[in-house]
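User: I'm in my first year and still learning to read protein models. Could you take a close look at one part of this one with me and explain what sits around it?

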Amino acid sequence: MKKEHIPNALTLGRILIIPLFILVLSVWNSLTAHIVAAILFALASLTDYLDGYLARKWQVVTNFGKFADPMADKILVMTAFIMLVELGFAPAWIVAIIICRELAVTGLRLLLVENGGTVLAAAMPGKIKTFSQMFAIIFLLVHWQLLGTITLYIALFFTLYSGYDYFKGTSYLFKDTFQ
C-alpha cells in the first residue's frame, strides 16, 4: 500500500471496527466482553489521532479524509455512548446532550463551508472534550465506575463549553435570525 493511502485506510479501519464493537457489546454481557470492547474502542480512537497526524505529515489530505475522518469519529463516539446507556453505564440525559452538541456543531461546520468555505478547526476546548469523552467511555467499559463517572462529567462540561465557544465565535452567521 502506498503511504498516501494509509491515513484513509486507518479511517476505514475505524469505521469497520464500529460494527464489531456493537456486536461484542450486544452478544456478550460480561466484564471480558466489556474489556474487549474497550480495547476495540481504544484502537479505533488511536486511529483517529494517527490518520490525521500522518495525512498532515505526508501532506496527503484528501476530500475522502476531510469527510470520512470526522464522520467516523462522531459515529464511533455516539455509538459507544448509546451502548453505554443500553448497558446502564451512562445516564441517557448526558448522552443526549453530547449527541445533540455533536450534531449541532456538525451542522455549524456545514453552514460555515456553505457561507464562504470556512473550515471550523478544533479549538482546545473541543480537543479536551474529545479526549475526556474517549477516556470516559474506556473507563466505564472496564467498570472503573468512579473514574468513568468523573471523566464523563468532565466530558459533559467540555461538550457544553466547546459547543458554546464554537457558536459564540460564529454568531455572525445568525445575525439576521430575528430581525
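Here is a walk through one helix and its surroundings.

Analyst: Before we start, keep in mind that this is a predicted model. Let's pick helix α4 as our part and work outward from there.

Helix α4 runs over residues 92–114, which makes 23 residues. From its first C-alpha to its last, α4 reaches 33 Å, close to the 33 Å expected at 1.5 Å a residue. Right after the helix comes G116, whose phi is positive, at about 120°.

Now, which residues of α4 are buried? They are I94, V95, I98, I99, R101, E102, V105, L108 and L112. Take a second to find R101 and E102 in that list. And what do the buried residues of α4 pack against? Their partners are three helices: α3 (63–87), α5 (124–141) and α6 (145–169). That gives us a nice route, so let's visit these partners one by one.

Start with α3. Helix α3 has 25 residues and spans 36 Å from first C-alpha to last, close to the 36 Å expected at 1.5 Å a residue. Just after α3 there is a glycine, G88, with a positive phi of about 80°. A good residue to look for is K74, which is found in α3. Is K74 buried or exposed? It counts as buried, because its relative accessibility is 18% and the cut-off for buried is under 20%. Once you leave aside its neighbours within four places in sequence, K74 is in contact with E102, T106 and K129. E102 should ring a bell, since it is one of the buried residues of α4.

Stay in α3 a little longer and look at V77, which lies in the same helix. V77 has a relative accessibility of 8%, so it counts as buried. Not counting residues up to four places away in sequence, V77 touches F41, Q133, M134 and I137. You can also try tracing from V77 to A44: these two are 33 residues apart along the chain, and their C-alpha atoms are separated by 10.0 Å.

Next up is α5, and here the rings are worth a look. A search of the whole structure finds nine aromatic pairs. In one of them, F131 and F135, the ring centres are 4.6 Å apart and the planes stand at 55°, so the pair is tilted. Both residues lie in α5, four residues apart, which is about one turn of the helix. How open are they to the outside? F131 counts as exposed because its relative accessibility is 54%, while F135, at 33%, counts as partly exposed. The story goes on beyond these two: ring pairs link F131, F135, F139 and W144 into a cluster.

Go past the end of α5 and you enter the loop between α5 and α6, where H143 lies. H143 is a bit of a curiosity: its phi is positive, about 70°, although it is not a glycine. With a relative accessibility of 37%, H143 counts as partly exposed. If you want a second case to compare, try Q59, in the loop between α2 and α3. Q59 is another residue other than glycine with a positive phi, near 55°. At 71% relative accessibility, Q59 counts as exposed.

There is one more ring to find on this tour. The charged end of R109 sits over the ring of Y166, 5.7 Å from the ring's centre.

Finally, step back and look at the open space. The largest pocket has a volume of about 1700 Å³. Its lining is made up of 45 residues, and those nearest the centre are D48, D69, P70, D73 and A122. Our helix takes part here too: α1 (6–27), α2 (31–57), α3, α4 and α5 each supply at least two residues of the lining.

While you are at α1, have a quick look at N8, which lies in that helix. N8 is buried, because its relative accessible area is 16%. Leaving aside its neighbours within four places in sequence, N8 is in contact with T62, F64 and G65.

So, back to where we began: α4 has buried residues that pack against α3, α5 and α6, and α4 also supplies at least two residues to the lining of the largest pocket.

Methods: Residues are numbered from 1 along each chain as its sequence is written. This is a predicted model: local features need pLDDT of at least 70, side-chain atom pairs count only at pLDDT 80 or more; totals for chains, interfaces and linings use all residues. Side-chain values use heavy atoms; hydrogens and water are left out. The expected span of a helix is 1.5 Å times one less than its number of residues. Buried means under 20% relative accessible area, exposed over 50%, partly exposed in between (1.4 Å probe, protein chains only). Contact means heavy atoms within 4.5 Å. Rings of Phe, Tyr and Trp (its six-membered ring) pair if their centres lie within 6.5 Å; planes under 30 degrees apart count as stacked, over 60 as edge-to-face and the rest as tilted. A charge sits over a ring if NZ of Lys or CZ of Arg is within 6 Å of the ring centre and within 35 degrees of the ring normal. On a 1 Å grid over the protein atoms alone, a cavity is a set of points where a 1.4 Å probe fits but cannot get out, and a pocket is an open set with protein on both sides within 12 Å along at least five of seven lines; lining residues have an atom within 4 Å of a point. Grid points are joined across faces, edges and corners, and a volume is the space filled by probe spheres set on the points.
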